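Let's work through a few exercises on one protein model. Grab a pencil and keep the 3D view open while you read.

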Amino acid sequence: MPEGHTLHRLARRQQRLFGGQRVRVSSPQGRFADGASLVDGMTFHAAEAWGKHLVHRYRDGDAERMVHVHLGLYGAFTELTAPFGEPVGAVRMRIATDEVATDLRGPTACELYEPGDLEALIARLGPDPLRRDADPDRAWAAISRSARPIGALLMDQKVVAGVGNVYRAEILFRAGIDPMRPGRKLDRAEFDALWDDLVALMKIGVRRGRIHVVRPEDDRGAPSYAPNRPRTYVYRRAGERCRICGTPVMMTELEARKLYWCPSCQA
């Protein structure tokens, strides 16, 4: 599933492509046909991200409508330039101008939103490190009173919005924190350092379009875990030598997700 930086990057890209323009919106697959017909011909006003959720705002005079997208595990947008041709595959939604279009396939959600729906979404999400209005105190309040492992809390979208498995593993390694430590055993200085590092790394992800977590001084030549994937300290490196201490990286499952850590650096 894409992590939060991907959705923020998508929102910025789509704002550049469609912002301020009247757009044609359709649902070639048919599953979003009713919603698409209501925003078709409106002006694409804004694209915004909250964690792993994307919201498009459309306007026509005083009228405003919203479309909520959650990509889930398999959703993706594909850009096209004119001439577009017929949609290929199960395209849930196409947004188009005369010059450019984007096709959405395979999302978990593509639906019309009312203002109350967006308010409810924001209320159930934790603060998003990439949003200027994020309040880290909300995350600290949830973490500081929880007996759950910090490795689980960071992946809980109700605690921090937008963090996925890569950022979870990597910021804990960079902080030297055992992912199994209960949240309430962290002190505020440790949390603040985690939050600041997360903000900085996710901003790099938005700028570069890929996750970048290894400090230059620690990049000792060990390859990425797969071609065209980010170089990491521990994520997807189970059994390989830690970039810092040489101890084999460990892997286990925590709340049904794979967890990676160095038992020496994160003792």
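**Exercise 1: a strand and its cover**

How many of the residues of E2 are buried?

Before the solution, some ground rules. This is a predicted model, where local features need pLDDT of at least 70 and side-chain atom pairs count only at pLDDT 80 or more, while totals for chains, interfaces and linings use all residues. Residues are numbered from 1 along each chain as its sequence is written, and side-chain values use heavy atoms, with hydrogens and water left out.

*Solution.* Step one: buried means under 20% relative accessible area, exposed over 50%, and partly exposed in between (1.4 Å probe, protein chains only). Step two: find the strand; helices (H or I, at least four residues) and strands (E, at least two) are DSSP runs, numbered from the N terminus. Step three: count, and you get 6 of the 8 residues of E2 buried, so the strand is mostly covered.

**Exercise 2: build the sheet**

Work out the strand order of the open sheet and find its edges.

*Solution.* Start with the pairing rule: two strands pair if DSSP finds at least two bridges between them. The 4 strands come in the order E2-E3-E4-E8, paired antiparallel. E2 and E8 (109–113) pair on one side only, which makes them the edge strands. On average, neighbouring strands are turned by 20° against each other, direction ignored; axes here are lines fitted to C-alpha atoms, for helices over the stretch in contact, and angles run from 0 to 180 degrees between N-to-C directions.

Now zoom in on the pairs. E2 and E3 share 7 bridges, and Glu48 sits opposite Val55 in E3. The E2–E3 hairpin has 2 residues between the strands, and Gly51 there takes a positive phi near 60°. Next door, 8 bridges link E3 (residues 53–60) with E4 (residues 63–70), and Val55 has His68 as its bridge partner in E4.

Which helices pack on the sheet? H1 does, touching E2 and E3, with its direction at about 170° to that of E2. H3 (residues 115–124) packs on the sheet too, touching E2, E3, E4 and E8, and its direction makes about 125° with that of E8. Contact means heavy atoms within 4.5 Å.

**Exercise 3: explore the second largest pocket**

Describe the second largest pocket and say which helix gives the most to its lining.

*Solution.* First, the terms. On a 1 Å grid over the protein atoms alone, a pocket is an open set of points with protein on both sides within 12 Å along at least five of seven lines, and lining residues have an atom within 4 Å of a point. A volume is the space filled by probe spheres set on the points.

The volume comes to about 440 Å³. Of the 18 lining residues, His8, Arg12, Leu130, Arg131 and Arg132 lie nearest the centre. H1, E2 (43–50) and H7 (188–208) each supply at least two lining residues, and H7 gives the most, with 5.

**Exercise 4: one residue in H7**

Is Met202 buried or exposed?

*Solution.* Met202 belongs to helix H7. Its relative accessible area is 0%, so Met202 is buried. Leaving out residues up to four places away in sequence, Met202 touches Gly4, His5, Pro129, Leu130, Gly162 and Tyr167. For a distance check, the C-alpha atoms of Met202 and Gln266 are 22 Å apart, with their positions 64 residues apart along the chain.

Technical notes
On a 1 Å grid over the protein atoms alone, a cavity is a set of points where a 1.4 Å probe fits but cannot get out, and a pocket is an open set with protein on both sides within 12 Å along at least five of seven lines; lining residues have an atom within 4 Å of a point.
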